[in-house]
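Here are a few exercises to work through with the model open in your viewer. Try each task yourself before reading the solution beneath it.

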Amino acid sequence: MIRPRFPRATELAHAWVGDRLRGRVGMRAVDATAGNGHDTEFLARGVGPEGRVFAYDVQAEALETTRRRLEAAGLLERVGLRLASHEELGEAGAIDIAMFNLGYCPGGDKHLVTRTDSTLRALEAATAGLNPGGLVTVVCYPGHPGGGEEADAVVAWTRRLDARRFRAMHCSMLLAQGEAAPFLVGIERFGPTLKRAARSAAVR
Ligand SMILES: C[S@@+](CC[C@H](N)C(=O)[O-])C[C@H]1O[C@@H](n2cnc3c(N)ncnc32)[C@H](O)[C@@H]1O
């Protein structure tokens, strides 16, 4: 039997971000939740030698795992590692990409989860610094304690963004076994092409 296989929310986030980075030089990206460093490594490869990545985590162990992963891949010099909450990510300045992978670090301390208030403040900072054409991805985990409230808050917050400057997409499973499946929110800021499309739609 062929097993149907939709992409996971994390895989979908990588596909969207990879598409945004492809063929562009000198992009600036933020990994708002470094964890085990998979997303940071993905971003460091994607931005290329002239790009820059800033990776945040509140757990020293997570940042150390990320640092080792980057060093082994020869990508460490493209990345600034920050032992700080992602609420501080405004210090990265103008950015093209921000990836949020909420929840707790697999294999780490499950009590050190992302929290609704700081997640929303970090999303404010990420969208405030987002260049035209830029993209924010948020993988939400409604299945763990507190995750449902945070996931709902992310969706509600996203809906309140200014639709003249941003577009957003919500990708979730309609039918799945077990606990509430993770889902992906994507937020893009209008670039010149999108802006033109919005203007011509308005005159029609
Ligand atoms: C699901 S894991 C991230 C997985 C990671 N992106 C990867 O590729 O392995 C979530 C991470 O968010 C971190 N975290 C929790 N609160 C945070 C905050 N306020 N600022 C930054 N990171 C935070 C946790 O310590 C944990 O490592």
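**Exercise 1: The overall fold**

Residues 24 or more positions apart make up 75% of the protein's contacts with a separation of 6 or more. Keep in mind that this is a predicted model.

Task: How many helices and strands does the protein have, and in what order do the elements run?

Solution. Start with the count: the secondary structure comes to 6 helices and 7 strands. Next, read from the N terminus, where the order is α-β-α-β-α-β-β-α-β-α-β-β-α. Then turn to size: the radius of gyration is 17 Å, close to the 17 Å that the globule rule gives for 204 residues, so the protein is as compact as a globular protein of that length. The C-alpha trace spans about 55 × 45 × 45 Å along its principal axes. Finally, 40% of the 204 residues count as buried.

**Exercise 2: Following a strand inward**

Task: Which strands are joined to β4 by bridges, and do they run parallel or antiparallel to β4?

Solution. Take β1 (28-31) to begin with: 3 bridges join β1 to β4, and the two run parallel. Now move on to β5, which is joined to β4 by 6 bridges, again in parallel. To see this at a single residue, pick Ala-98 in β4, which stands opposite Val-30. In β5, the bridge partner of Ala-98 is Val-136. As for the surroundings of β4, 7 of its 7 residues are buried, so the strand is largely enclosed by the rest of the structure.

**Exercise 3: The nonpolar core**

Task: Which residues of the largest nonpolar core touch the most other members?

Solution. The core has 48 residues, and those touching the most other members are Val-30, Ala-32, Leu-89, Ile-97, Ala-98 and Ala-126. Strand β5 (residues 130-140) gives the most to this core, with 6 residues. Now look around Ala-32: leaving out residues up to four places away in sequence, Ala-32 touches Tyr-56, His-86, Leu-89, Ala-98, Met-99, Phe-100, Ala-122 and Ala-126.

**Exercise 4: The ligand shell and α2**

Task: Which residues come nearest to the ligand, and which elements give two or more residues to its shell?

Solution. Of the 23 residues around the ligand, Thr-33, Gly-35, Asn-36, His-38 and Cys-105 come nearest. The elements giving two or more residues to the shell are α2 (38-47) and β2 (52-57). By residue class, the shell divides into 8 nonpolar, 13 polar and 2 charged.

Next, consider how α2 is packed. Here 8 of the 10 residues are buried, so α2 is largely enclosed by the rest of the structure. Among the buried ones are Asp-39, Glu-41, Phe-42 and Leu-43. Their cover includes α1 (9-21), β1, β2, α3 (60-73), β3 (79-83) and β4 (95-101). Just after α2, Gly-48 takes a positive phi of about 75 degrees.

**Exercise 5: A residue in β6**

Task: Is Phe-166 buried, partly exposed or exposed?

Solution. First, place the residue: Phe-166 is found in strand β6 (residues 166-171). Then apply the cut-offs: a buried residue needs 20 or more other C-beta atoms within 10 Å, and an exposed one has 12 or fewer. Phe-166 has 17 C-beta neighbours inside 10 Å, so it counts as partly exposed. Beyond four places in sequence, Phe-166 is in contact with Thr-127, Leu-161, Ile-187, Glu-188 and Arg-189. One of these, Ile-187, is 21 residues from Phe-166 in sequence and 6.7 Å from it in space, C-alpha to C-alpha.

Key:
Residues are numbered from 1 along each chain as its sequence is written. This is a predicted model: local features need pLDDT of at least 70, side-chain atom pairs count only at pLDDT 80 or more; totals for chains, interfaces and linings use all residues. A residue is near a molecule or strand if its C-beta atom, placed from the backbone, lies within 6 Å of it. Helices (H or I, at least four residues) and strands (E, at least two) are DSSP runs, numbered from the N terminus. Ala, Val, Leu, Ile, Met, Phe, Trp, Tyr, Cys and Pro count as nonpolar, Asp, Glu, Lys and Arg as charged, and the others, Gly among them, as polar. Two residues are in contact if their C-beta atoms, placed from the backbone, lie within 7 Å. A nonpolar core is a set of buried Ala, Val, Leu, Ile, Met, Phe, Trp, Tyr and Cys residues joined through C-beta atoms within 7 Å. The radius of gyration is taken over C-alpha atoms; the globule rule is 2.2 Å times the number of residues to the power 0.38. Two strands pair if DSSP finds at least two bridges between them.
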